[in-house]
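Hi,

Here is the structure I promised to pass on. Have a look at it first, and then see my notes underneath.

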Amino acid sequence: MTITNSAITRIEISESLSKIRALSNQVKPPEASGITSSKLSQFDHVMDIAKDSISQINHSQMQAEALSHSYLAGDPNVTISQVMMTTMKSKLAFEGLLVVRNKLLDAYKEIMNMPV
C-alpha cells in the first residue's frame, strides 16, 4: 500500500489543526475583573505562537520559491514533483493563515459593534 502525496499533505494539515486546537484549549478565557500579569503572559504566549506560525509559513514560501528557481535553472537534484508539492504546501499554509486572519477580523468587528 502506498501513501500518496495528497494523503501526506492531509496528515500534515490535520496535525497542524490538532496543534492549534491543543494550544487554543490551553488559553483560558479572560475574566471580567481586569487585566492581570497572568493574562498578559497568556496573550504574549498566543502572540509568540502566531509569530512562529507566520515565520514557518514564510519559510515554506521561500523554500518553494528556491526549489522553483533551482528547477528552472536545471538542477538535476530537483524534480517537478518536489516543486509542485512544496508549492502546494506553502499555498495551503498561506490560505489557512488567511482564514485565521479573516476570522480574527470578523471577531474584532463584532466586538466593536457591541453596545457598551
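**Helix α3 and the rest**

Helix α3 covers residues 80-112, and its 33 residues reach 48 Å from the first C-alpha to the last, close to the 48 Å expected at 1.5 Å a residue. Before you read on, keep in mind that this is a predicted model.

The overall layout is quick to describe. There are three helices and zero strands in the protein, which gives the pattern α-α-α when read along the sequence. Of the 116 residues, 9% are buried. The accessible surface of the protein is about 9600 Å², and carbon and sulfur atoms hold 63% of that. As for contacts in the protein with a separation of 6 or more, 44% of them are between residues 24 or more positions apart.

Back to α3, then. Which of its residues are buried? They are V83, T86 and S90.

I took a closer look at T86, which sits in helix α3. T86 has a relative accessible area of 16%, and the cut-off for buried is under 20%, so T86 counts as buried. Leaving out residues up to four places away in sequence, T86 touches S60, Q63, A64 and L67.

L97 is another residue to click on, also placed in helix α3. Is L97 buried or partly exposed? With a relative accessibility of 26%, L97 falls between the 20% and 50% limits and therefore counts as partly exposed. If you again set aside residues up to four places away in sequence, L97 touches I54 and I57. There is also a pairing with S53 to look at: S53 and L97 lie 44 residues apart in sequence, while their C-alpha atoms are 8.5 Å apart in space.

Now for the pockets, where I have notes on the second largest one. Its volume is about 200 Å³. The residues lining this second largest pocket are V100, K103, L104, A107, Y108 and I111. Sorted by class, that lining has five nonpolar residues, no polar ones and one charged residue. The charged one is K103, because Lys counts as charged, whereas Val, Leu, Ala, Tyr and Ile count as nonpolar.

That's what I have so far. Shout if anything in here is unclear.

Cheers

How values were computed: Residues numbered from 1 in each chain as written. Predicted model: local features only at pLDDT ≥ 70, side-chain atom pairs only at ≥ 80, totals over all residues. Heavy atoms only, no water. 1 Å grid on protein atoms, 1.4 Å probe; cavity = no way out; pocket = protein on both sides within 12 Å on 5 of 7 lines; lining within 4 Å. Points joined across faces, edges and corners; volume = space filled by probe spheres on them. Helix = DSSP H or I, 4+ residues; strand = E, 2+ residues; numbered from the N terminus. Buried < 20%, exposed > 50% of the residue type's maximum accessible area, 1.4 Å probe, protein only. Contact = heavy atoms within 4.5 Å. Areas by Shrake-Rupley, 256 points an atom, 1.4 Å probe, with all protein chains shown as cover. Expected span 1.5 Å × (residues − 1).
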